[in-house]
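User: Got a fold here I'd like to pick through with you. Can we take it one question at a time?

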Amino acid sequence: MKLQNGTYHLSGNVALNELVEKYGCPLYVYDSEVIKRQYNKLKDAFTYKKIKLNYACKALTNINILKYVRSLGAGLDCVSVQEVKLGLMAGYAPEDILYTPNCISMDEIEECVGLGVKINIDNTSILEQFGHQFPDYPVCVRINPHIMAGGNTKISTGHIDSKFGISVYQMPLVKRIIKATGLRVNGMHMHTGSEILDVDVYLRGADILLNAAMDFDGLDYIDLGSGFKVSYKNDGIETDIKELGSKLTERFEEFCEAYGKELTLEFEPGKYLVSEAGLFLVKVNVVKQTVSTVFAGVDSGLNHLIRPMFYDAYHEISNISNPEGKKRIYTVVGYICETDTFGVNRKIPEVREGDILAFQNAGAYCYMMSSNYNSRFRPAEVMIYEGKDYLIRKRETMDDIIKNQIEHEIFEPAIQI
Ligand SMILES: *Cc1c(COP(=O)(O)O)cnc(C)c1O
């Protein structure tokens, strides 16, 4: 988002206030140029040749985004059979989709085997059942290296008490299962959490995984998951991808040499690819001065963007209607009948009723976590591609609120309004 002649623009000179006029508010906007920039930045950080990036699509699964990311050359990491199906609909080949669920039933895994995608198994119970049922279908195993990594405990998945992955201490059991069932393990995986800032923590996890992998024959790939932190506060605090790339390349080449084969090194970034590409635009309904605080109340809430309330996440907020106004202090809140504070005591150019505010870093886990709470509609989504704007999801209507509800004859039929 750039300020140009007093108005904010995205790539290709698309003016934000014009998008609001055209599509209304609240509105999610994704700039595909930013996704491309991030994809290339990550890819270019590694000099190792056999690198593959699988987009962890739970961050943002709009089918147009999936197609765009595919056009960049990425595969897909999916956590549900529904995501797998979206990926197939978006044109990903089954072998470019890795299905990494946790705590799901054997039935869903069977369905994914039927779809031909790569399967990643994260517990020994399912691994054993899978081995008996599909001994000829190669699988990946998800290892828990037991390191504490990630931005906060809600998004940390690799520590000792985490439900994710097979403990690195259970490798003897994994080997027994392989032996007993004839199963072929061709990939090893870890994903230790989101927002890992410290490159050395990442390397420590990788080291544990690679040491474990030495004991398994027949591997084709190693998947080191994700967890790259992006900057939320425009302060440049993010994972040093260049440093990570060069250190990991060195370590991985060493591993391949010792293993005796050049394996594919895979990653599955979600946030890193799409977070900064997204903006969320909302309209200020009310400016409310109380005894101690000036609230800016907007036409949205935790039903559309729950990260601030759920994770205490920080999203930068700008007033795009008054970019050069005098800065004042506001607490920005939503319209939901519950405390839904987006930001406390933010210094923002003077906010007037009717102004449009923009939340940054709204590409990952924002629309995807939205709901119909308070029976409100989910917002529309727009994608900017080569300087043009495309509506990629329409705003919901009353039909969406009522469509799956079943009326019974025990009551009077609903009144049409
Ligand atoms: C969510 C998830 C990711 C993506 O994490 P980000 O922090 O968004 O990059 C990658 N791998 C798996 C298995 C996940 O569940």
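Analyst: Sure, one term up front: buried means under 20% relative accessible area, exposed over 50%, and partly exposed in between, with a 1.4 Å probe and protein chains only. This is a predicted model, where local features need pLDDT of at least 70 and side-chain atom pairs count only at pLDDT 80 or more, while totals for chains, interfaces and linings use all residues. Residues are numbered from 1 along each chain as its sequence is written, and side-chain values use heavy atoms, with hydrogens and water left out.

User: Which residues are exposed on the other side of helix 5?

Analyst: Helices (H or I, at least four residues) and strands (E, at least two) are DSSP runs, numbered from the N terminus. Helix 5 covers residues 106-115, and its buried residues are M106, E108, I109, C112 and V113. Down the helix axis these fall within an arc of 160° (taken from the directions from the axis to the C-beta atoms), so they line one face of helix 5. On the other side, the exposed ones are D107 and G114.

User: What do the buried residues of helix 5 pack against?

Analyst: Contact here means heavy atoms within 4.5 Å. By that rule, the buried residues of helix 5 pack against helix 4 (81-89), strand 6 (97-99), strand 7 (118-121) and helix 6 (124-133).

User: How much space lies in the largest cavity?

Analyst: On a 1 Å grid over the protein atoms alone, a cavity is a set of points where a 1.4 Å probe fits but cannot get out, and lining residues have an atom within 4 Å of a point. The count comes to 1 cavity of 30 Å³ or more. Its lining includes I109, N120 and I126. Grid points are joined across faces, edges and corners, and the volume, the space filled by probe spheres set on the points, is about 50 Å³.

User: Is T264 buried or exposed?

Analyst: T264 lies in strand 12 (residues 264-267). Leaving out residues up to four places away in sequence, T264 touches K50, K52, D220, Y221, I222 and F252. Its relative accessible area is 18%, so T264 counts as buried.

User: How far apart are the centres of domain 1 and domain 2?

Analyst: The bounds come from an automatic or database domain assignment, which gives domain 1 as 2-29 + 275-397 and domain 2 as 61-269. The contact takes 16 residues from domain 1 and 14 residues from domain 2. Taken over C-alpha atoms, the centres are separated by 34 Å.

Terms used:
On a 1 Å grid over the protein atoms alone, a cavity is a set of points where a 1.4 Å probe fits but cannot get out, and a pocket is an open set with protein on both sides within 12 Å along at least five of seven lines; lining residues have an atom within 4 Å of a point.
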